[in-house]
Amino acid sequence: MALMTAAQHPLTVHELIAVLPDVPVLRDRCRALAALDALIGGPGTRSFDYDPAWGPGTEAGLMHNGSGDEYTILFTPDGVFGRGFDHESSMSPYTNEDMALWPGLVDTLPEVFRPLLDEPAFCDDGVQVATVVFWREAHDTAWRAGPVEYPSEYDGDGTGHLFRVLAAGTPEAYRDFAERFHGRPLDLDAIRHVFALRPVTDDVVEALHPRTAPAAVAKALAATGYPGAGAPGGR
C-alpha cells in the first residue's frame, strides 16, 4: 500500500496551504464536492455545501460534520479567506480563560480580511471560533497562514480531518469518504463525471442515487451554482 502523502492528509495549516491549488481550481473543487453531496445524500445528510451568494460578491465553500467541526472558504472580491474549527482541538478558544484565538493564528491576517473574524457565522455567543486560518489576497501568488505556535503536546489544529478530502482533490478521495459516510458502494465513473463539473445526466443520477426525482436533483444542483444546472436529461 502506498504511503499517504501530505496532499492527501495534511496535518497542519502550513502543510495544507502547501498543497492547495490556485483559486479557480479550489473554487471548482468546493463546488464539485457540494454537488456530489447534493446528489448522493439528502437534506440533513450532507457534509459539503456551496453557497454562490453567501454575501455581496462572495461565494462560500462549506463543510460541517454534524459534530461541531466545520470549515468555510470565502471567495471574495479581495481574495480568499479560509477558516476551520475542530471543537476537540487543544487550540480551540474554549481551552483558554480569555477565549482568544490561538497565538499566531491571525497575527498576520491582512486587514482586508479582519472584519470576517467577527462574522456571526464564525462566532459562538461572541467568541471567535477557529483553529485553522489561511488566506490568499487577490494579488497574492501563494496561500498564506500565520506563525502559529503549536502546543508542546500537539493534538492537531483539525486540518487532518477537516480538509482531508478537499486537499486530496480527487474523485477517489471523495468516493472513499462518501462510501464510509453513507455505508454503500458508489460509482466512481459517475463521481468523476460530477467532479469534472460536466452536465449531469439521468445515468449519472441513477448511478449515484437511484429513484431520485429529477426536479429535486435540479433544485439541489442549482442551489450550489453547478454549471448548467437544470433538470437532468439524456444518457
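This report covers helix packing, two residue environments, backbone outliers and cysteines in a predicted model.

## Tyr 174 in helix H5

Tyr 174 sits in helix H5, which spans residues 171-182. Its relative accessibility is 0%, so Tyr 174 counts as buried. Beyond its neighbours within four places in sequence, Tyr 174 is in contact with seven named residues: Leu 33, Leu 36, Asp 37, Ile 40, Phe 48, Val 165 and Ile 191.

Tyr 174 takes part in two helix contacts. In one, Tyr 174 belongs to the H5 side of the contact with H2. In the other, Tyr 174 is among the H5 residues that meet H6. Leu 188 lies 14 residues from Tyr 174 along the chain, and their C-alpha atoms are separated by 9.4 Å.

## H2 against H5

Two packed helices are described by the angle between their axes and the distance between the axes. For helix H2 (residues 23-40) and H5, the axes come within 12 Å. They cross at roughly 35 degrees. The crossing of H2 and H5 is right-handed.

From H2, the contact uses Leu 33, Leu 36, Asp 37 and Ile 40. From H5, it uses Tyr 174, Phe 177 and His 182. By class, the H2 and H5 contact holds five nonpolar residues, one polar and one charged.

An α-helix has 3.6 residues a turn, so residues three or four places apart point the same way. With that in mind, the H2 list is worth reading again: Leu 33, Leu 36, Asp 37 and Ile 40.

## H2 against H6

Helix H6 covers residues 188-195, and its axis comes within 9 Å of that of H2. The crossing angle of H2 and H6 is roughly 135 degrees. The two helices are therefore oblique to each other. Their crossing is right-handed.

On the H2 side, the contact residues are Arg 29, Ala 32, Leu 33, Ala 35, Leu 36 and Leu 39. On the H6 side, they are Ile 191, Val 194 and Phe 195. By class, the contact of H2 with H6 has eight nonpolar residues, no polar and one charged. Leu 33 and Leu 36 appear in this contact, and they also meet H5.

## H5 against H6

The axes of H5 and H6 come within 9 Å and cross at roughly 120 degrees. That angle makes H5 oblique to H6. The crossing of H5 and H6 is right-handed.

H5 contributes Pro 171, Glu 172, Tyr 174 and Arg 175 to the contact. H6 contributes Leu 188, Ile 191, Arg 192 and Phe 195. By class, the contact of H5 with H6 has five nonpolar residues, no polar and three charged.

## Cover over H6

H6 is mostly covered, with six of its eight residues buried. The buried residues in H6 are Leu 188, Ala 190, Ile 191, His 193, Val 194 and Phe 195. Their cover includes H2, H5 and helix H7 (202-208).

Ile 191 and Phe 195 take part in the contact with H2. Ile 191 and Phe 195 also take part in the contact with H5.

## Val 127 and Met 99

Val 127 lies in strand S6. At 13% relative accessibility, Val 127 counts as buried. Setting aside residues up to four places away in sequence, Val 127 touches Pro 93, Tyr 94, Met 99 and Phe 122. Glu 88 is 39 residues from Val 127 in sequence and 16 Å away in space, C-alpha to C-alpha.

Met 99, one of the residues Val 127 touches, lies in the loop between strand S4 (79-85) and strand S5 (123-124). Phi of Met 99 is near 55 degrees, a positive value in a residue other than glycine. Met 99 is partly exposed, with a relative accessible area of 35%.

## Asp 125

Asp 125 also has a positive phi, about 55 degrees, although it is not a glycine. Its place is in the loop between S5 and strand S6 (127-128). Asp 125 is exposed, at 79% relative accessible area.

## Cysteines

A search of the whole structure finds zero disulfides. Cys 30 is buried, with a relative accessible area of 4%. Cys 123 counts as partly exposed, at 21% relative accessibility.

Terms used:
Residues are numbered from 1 along each chain as its sequence is written. This is a predicted model: local features need pLDDT of at least 70, side-chain atom pairs count only at pLDDT 80 or more; totals for chains, interfaces and linings use all residues. Side-chain values use heavy atoms; hydrogens and water are left out. Helices (H or I, at least four residues) and strands (E, at least two) are DSSP runs, numbered from the N terminus. Buried means under 20% relative accessible area, exposed over 50%, partly exposed in between (1.4 Å probe, protein chains only). Contact means heavy atoms within 4.5 Å. Axes are lines fitted to C-alpha atoms, for helices over the stretch in contact, and angles run from 0 to 180 degrees between N-to-C directions. A crossing is left-handed if the near helix is turned anticlockwise from the far one by less than a right angle, and right-handed if clockwise. Ala, Val, Leu, Ile, Met, Phe, Trp, Tyr, Cys and Pro count as nonpolar, Asp, Glu, Lys and Arg as charged, and the others, Gly among them, as polar. Angles under 35 degrees count as roughly parallel, over 145 as roughly antiparallel, 65 to 115 as roughly perpendicular and the rest as oblique. A disulfide is a pair of cysteine sulfur atoms within 2.5 Å.
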